[in-house]
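Me: Please take a close look at one part of this structure, after first setting out the whole to which it belongs.

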Amino acid sequence: MEGLVIRNTGSWYVVRDMESGRELNCKVKGNFRLKGIRTTNPVAVGDRVTCIENGDGNGFITAIEPRRNYIIRKASNLSKEAHIIAANVDCAMLVVTLFHPTTSTTFIDRFLATAEAYRVPATIVINKIDLLTDEDEKEYLEAVSYLYSSIGYDVVQVSALEHRGIDELRSRMQGKITLLSGNSGVGKSTIINDLIPGLELRTADISDAHDTGMHTTTFSEMFPLPGDNDGWIIDTPGVRGFGTIEMDRHEVAHFFPEIFEIGHDCRYGNCTHTIEPHCAVRKALEENRIAQSRYNSYLSILEDGEPDKYRKPF
């Protein structure tokens, strides 16, 4: 049987036969590796796989089709292991909130850089705009929207609570496999409940003490969009940090479109835009043609490549 992995429950995977719609609970048979990287999950939601039944109503995944792309991050224990968030996606939508809780621009930039690295088109969804009531908050909303749209990213402003912007999201998802990711508490589950009436994913209030989200999604899962045979949403657990992996320090600039473009004017072809003379990127930074927040995020990813960054102290 060949099918699509639509749910990951830890050691079990649910595989859907795309022709019949039948679902089979499977475990992995054998070892799978991705370019030699140690991953916490050898199979990811979105994978196309081959599986065989074992006679008791369950099955084994025996092979994975080559992935056309995937989103990957460093595992939460900050080791050298990686975690594949999802595979074979047409769009990655990063759901963020500017307040309650606050999504840092560093988190946004790291996600976007990873999407660029693995050839996944990305959209930024700014949720909870109904909470932005004073002028300073509204100005910040427009500033963040302008920053990323000026770079070339699609930005959608949404209030899932008031159902604003949901139709716009739905139109962007038509006929696509769309990943929804973001910090805990940004409202991913509420957005999906709006997009798929009757699904009723569990939601929870953010922590008053820490202004952070409460985890409501435990494992990744795919849901079909109503009335759209090819449209799927991948819901993922909330993440607090986004560690990058597999990025050569001389290639990191490639994943920041505005830095990459201006970097063509640097004197040295292998310029890291840190200490080299006649660096066009640092000049653009001084002239406010590159946002300081973006440059800081770029530097933070360079630091990820330092050999001792994730080494445990003795």
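Reply: Helices (H or I, at least four residues) and strands (E, at least two) are DSSP runs, numbered from the N terminus; by that reading the protein comprises 7 helices and 13 strands. The model is predicted, so local features need pLDDT of at least 70 and side-chain atom pairs pLDDT 80 or more, while totals for chains, interfaces and linings use all residues. Residues are numbered from 1 along each chain as its sequence is written, and side-chain values use heavy atoms, without hydrogens or water.

Of the 314 residues, 51% are buried (under 20% relative accessible area, 1.4 Å probe, protein chains only). Among contacts (heavy atoms within 4.5 Å) with a separation of 6 or more, 63% join residues 24 or more positions apart.

The part to examine is Lys188, which lies in helix H4, residues 188–195. Lys188 is buried without a salt bridge, that is, without its side-chain nitrogen within 4 Å of a carboxyl oxygen of Asp or Glu; the nearest oppositely charged side chain, that of Asp235, is 5.4 Å away. Once neighbours within four places in sequence are set aside, Lys188 touches Leu180, Ser181, Gly182 and Asn183, then Asp235, Thr236, Pro237 and Gly238, and also Val95.

Elsewhere, the structure holds 0 disulfides (cysteine sulfur pairs within 2.5 Å). Cys266 is unpaired, with the sulfur of Cys279, its nearest cysteine sulfur, 3.9 Å away, and Cys266 counts as buried because its relative accessibility is 9%. Cys271, buried at 8% relative accessibility, also has Cys279 as its closest cysteine, but their sulfurs are 3.8 Å apart and therefore too far for a bond.

Conventions:
Buried means under 20% relative accessible area, exposed over 50%, partly exposed in between (1.4 Å probe, protein chains only). Lys and Arg count as positive and Asp and Glu as negative; His and the chain ends are not counted.
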